Amino acid sequence: MVITGLLGLLWLMWLGGLLTDTFVRSLAVSLSNFVGAYALWQAAARSPGILKRALGGLATGLLFLGLGDLLFTYNVATGVSTQAVREGIYLAGVALFLAMGTLLPLSMERQGLYALGFASRLALLAVLGGLLLAALTTLIRPLRVVELIYAGVAFYLTLLFLQQTPVLAGGRIGRYLQGVVWALVLGSLARVVYVLGGAPPAHWSIVAYDLLWMLAMSVLWLGARHTPAPRSP
């Protein structure tokens with residue numbers, strides 16, 4: 001109940017900040033990362049052991065992204081540049097998301113939620129698609145090396161997660177993981193929108209990013225909230 005109330009408050013802060021104050025809007029998005037991380041840890045605690053590492057790793061990745069977002073918010077509030085510090089933190093979070101996002105379908109396959117070999121095919125198609133889309137993005141606008149890495153990872157994860165949405169098996173774990181995958185699709189799409197839309201002052205891309213990202217964190221928490229604990233043997 002407390003986390004749900006906090007999430008509702010963050011949405012109200014974001015809406016208010018959208019109309020009046022960039023700092024408040026940015027703070028709401030930053031804090032939503034920690035709600036999503038808590039939800040993933042809840043999911044890890046209620047999942048079979050083979051899934052715990054991937055879900056816990058994704059939660060840790062969200063913590064890094066949340067810390068990076070808080071540094072960006074501090075920059076917005078004070079005008080003090082935090083770019084050098086936060087880029088390293090963002091890269092750590094992105095690396096964790098890349099590794100654990102790839103591990104998640106492999107873990108699901110070992111759990112019997114996917115057919116044997118399915119996760120490898122997903123990853124191969126996502127790698128090829130991510131590289132192609134990142135290359136095409138450079139034709140739309142020039143990207144720094146760090147931005148190109150972000151773009152490639154965002155495209156790869158979007159394609160990886162999107163391919164999983166129609167094929168998850170049922171059951172308690174399958175149903176919740178379908179919500180996790182959809183949340184990860186939304187989060188990856190948010191990053192894609194931000195990369196394609198460009199940095200400020202492209203206001204539409206910032207608003208679209210905020211909306212998709214906070215929706216992703218909300219889906220994670222609402223799914224965790226309605227997922228029962230595993231039955232005792």
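This report describes two pockets in a predicted model.

**The largest pocket**

The largest pocket holds about 1,000 Å³ of space. Its lining is made up of 45 residues. Those nearest the centre of the largest pocket are D69, Y90, R191, Y194 and Y209.

Many helices take part. At least two lining residues of the largest pocket come from each of α1 (2-19), α2 (22-45), α3 (49-78), α4 (83-110), α6 (145-162), α7 (171-197) and α8 (203-225). Helix α8 gives the largest share, with 8 residues.

The lining of the largest pocket mixes the classes: 25 residues are nonpolar, 10 are polar and 10 are charged.

**The second largest pocket**

How much space lies in the second largest pocket? The value is about 160 Å³. Its lining includes L98, V127, G130, L131 and A134. L148, I149, G152, V153 and Y156 also line the second largest pocket.

Two helices, α5 (118-140) and α6, each supply at least two residues here. The largest share of this lining comes from α6, which gives 5 residues. By class, 8 residues of the lining are nonpolar and 2 are polar. What about charged residues in the lining of the second largest pocket? There are none.

**Side by side**

| Pocket | Space | Largest share of the lining | Classes in the lining |
|---|---|---|---|
| Largest pocket | about 1,000 Å³ | α8, 8 residues | 25 nonpolar, 10 polar, 10 charged residues |
| Second largest pocket | about 160 Å³ | α6, 5 residues | 8 nonpolar, 2 polar, no charged residues |

Helix α6 appears in both accounts: α6 supplies at least two lining residues to the largest pocket and at least two to the second largest pocket.

Conventions:
Residues numbered from 1 in each chain as written. Predicted model: local features only at pLDDT ≥ 70, side-chain atom pairs only at ≥ 80, totals over all residues. Heavy atoms only, no water. 1 Å grid on protein atoms, 1.4 Å probe; cavity = no way out; pocket = protein on both sides within 12 Å on 5 of 7 lines; lining within 4 Å. Points joined across faces, edges and corners; volume = space filled by probe spheres on them. Helix = DSSP H or I, 4+ residues; strand = E, 2+ residues; numbered from the N terminus. Nonpolar A, V, L, I, M, F, W, Y, C, P; charged D, E, K, R; others polar.
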